[in-house]
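Q: Before we discuss a model, could you show me how its features are read, one at a time?
A: Let us look at it together and then take the features in turn.

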Amino acid sequence: MPSEVVVIGGGAAGFFSAIQIAEKLPSAQVTLIEKSQKLLSKVLISGGGRCNLTHDCRDFKQLIKNYPRGQSFLKPLFKKFAVNETLDWFHRNGVATKSEADGRMFPLSNSSQSVADCLLKAAKRLNIQVQCGVAVKSVVKNANGFELHTNKGVLNASEVVVAVGGQSVRPCPDFLEGFDLQTIDPVPSLFTFNLPENPLVALAGVSVPEAEIWLSGFSIRRTGPVLITHWGLSGPATLWLSAFAARWLKEKNYEADVYVNWVNPLSEHDIREDFSEMEHRFAQRQMDNLPHWNLPKRLWEFLLIQSEISPQAKLGELSKKAKNKLIDRLVRSELKMSGKTTFKEEFVTAGGISDANFEPGSLECKHHPGLYFAGEVLDIDGVTGGFNFQAAWTTGWSVAEQILNRYRGS
Ligand SMILES: Cc1cc2nc3c(=O)[nH]c(=O)nc-3n(C[C@H](O)[C@H](O)[C@H](O)COP(=O)(O)OP(=O)(O)OC[C@H]3O[C@@H](n4cnc5c(N)ncnc54)[C@H](O)[C@@H]3O)c2cc1C
């Protein structure tokens, strides 16, 4: 049986790994070390203090689609431990949950504190030694496993779980420099698009629930809520696109042409047909009184002005050129993105420890038996909505399962 397991990192992935190891291997001594004085800090601030702990997506084939990076890691793991299993564990450990209309799941208490308390309580019950203010400086392999050199002395471990979160500057934690791990350069994911000096930002607060958004030169499009902010574009569809295009946008230095179809799913053809019909029925109507495909009034008037059409102009008096311009803006507004802004609710790092270091379905390093990884330190990241915590729970559970199998096999 393992003598000592050390988990590095006191976040969601570190806690869940440590708890699952201690549950599955009661004879193991599990120690969790955290460099700061604060445990589970991201859990506590997440979801605006409510902790969006997972997403109500029970089919793992659908679930996996929410990860721009890390699908190769997660696919085999989700077959064993995904949303149902996560909820089952939290429910058994006293955290009742609820789903919101968009699928995000929160503790029923609406407080991230109940998620943190549940993890802390489980760690205590399982006699996990939790040490704060202990930072790993280097790790050395020896005949019995690993020696961890920390600011507070040396720890020995037969197994080490690295759960130190996303590394924003270098993809590999410094203390693993000598391990020759394959890594993917980090780039930020989940951000909003800046549209400097674009008059659209005067409409801050306006949201279109089913807009389509895409980037010129990038193949993936997204339909969903697009929110206009006082600096540019936000909302779930924008954040989703930022995640899938994170690396591409970084290469472009966050300078890109963004397009929005505000009347999605209608196409240019549909809008032209609607115009022809309206021209028969409403030729004498003022443009600002025209039916406008359920667009927010402020946005409709903005698009009219941008198309050089007076809101008081009558539909029957519209020139062909002006009408074409308006149709173009409705289905294909072109906006210049220049820069990004971090999304306050949830941001993550794309990149990290590459799947090339592992056999499929494993989180134990091929070339360093006994060294495991969990959470955002891996090249795994999800879109907003609870998917990043789900990756932390799943990889944490999987690490424990693999340590258990290691000992069963020996
Ligand atoms: C503001 C914000 C809100 C978010 N909200 C949500 C949400 O609602 N839902 C969701 O799914 N995701 C959310 N996320 C993303 C989610 O929080 C992360 O994906 C998740 O916390 C990653 O967990 P982790 O355990 O891998 O890393 P972390 O939570 O980053 O934990 C890593 C820990 O390791 C410690 N550590 C680092 N180096 C060392 C070292 N050398 N020695 C010892 N300890 C070390 C760090 O101090 C840290 O405490 C949010 C992110 C942010 C920033």
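The turns below go through the ligand shell, the domains, one residue and one sheet of this predicted model.

Q: Which residues come nearest to the ligand?
A: A shell is read by listing the residues around the molecule and then picking out those that come nearest. Here 35 residues surround the ligand, and G9, G11, S46, G165 and G375 come nearest among them. Two or more residues of the shell are given by each of the elements α1 (12-24), β2 (29-34), α2 (41-49) and α12 (387-409).

Q: Which element gives the most to the shell around the ligand?
A: The helix α2 does, with five residues.

Q: How many residues of each class does the shell around the ligand have?
A: Sorted by class, the shell comprises 16 nonpolar, 13 polar and six charged residues.

Q: What does the domain assignment of the protein give?
A: A domain may be written as one range or as several joined ranges. In this protein, the assignment gives domain 1 as 4-187 + 345-409, and domain 2 as 191-342. To the contact, domain 1 contributes seven residues and domain 2 contributes ten residues. On the side of domain 1 that touches domain 2, five residues are nonpolar, one is polar and one is charged.

Q: How many Å apart do the C-alpha centres of domain 1 and domain 2 lie?
A: The C-alpha centres of the two domains are separated by 40 Å.

Q: Does L227 count as buried or exposed?
A: Burial is read here from a count of neighbours, and a residue is buried if 20 or more other C-beta atoms lie within 10 Å of its own. L227 counts as buried because it has 20 C-beta neighbours inside 10 Å. L227 belongs to strand β14, which covers residues 222-228.

Q: Which residues does L227 touch, not counting residues up to four places away in sequence?
A: With those sequence neighbours left out, L227 touches S207, S234 and G235. As for Y372, the C-alpha atoms of L227 and Y372 are 40 Å apart in space, and the two residues are 145 residues apart in sequence.

Q: In what order do the three strands of the open sheet lie?
A: A sheet is read from strand to strand, with attention to direction. The order here is β3-β5-β4, and the pairing is antiparallel. At the edges are β3 (54-55) and β4 (97-99), each of which pairs on one side only.

Q: How many bridges join β4 to β5?
A: Three bridges join β4 to strand β5 (residues 104-107), and these strands run antiparallel. As one pair of bridge partners, K98 is matched with F106 in β5.

Notes: Residues numbered from 1 in each chain as written. Predicted model: local features only at pLDDT ≥ 70, side-chain atom pairs only at ≥ 80, totals over all residues. Near = placed C-beta within 6 Å. Helix = DSSP H or I, 4+ residues; strand = E, 2+ residues; numbered from the N terminus. Nonpolar A, V, L, I, M, F, W, Y, C, P; charged D, E, K, R; others polar. Domains from an automatic or database assignment. Contact = placed C-beta atoms within 7 Å. Buried ≥ 20, exposed ≤ 12 C-beta atoms within 10 Å, placed from the backbone. Pairing = 2+ DSSP bridges.
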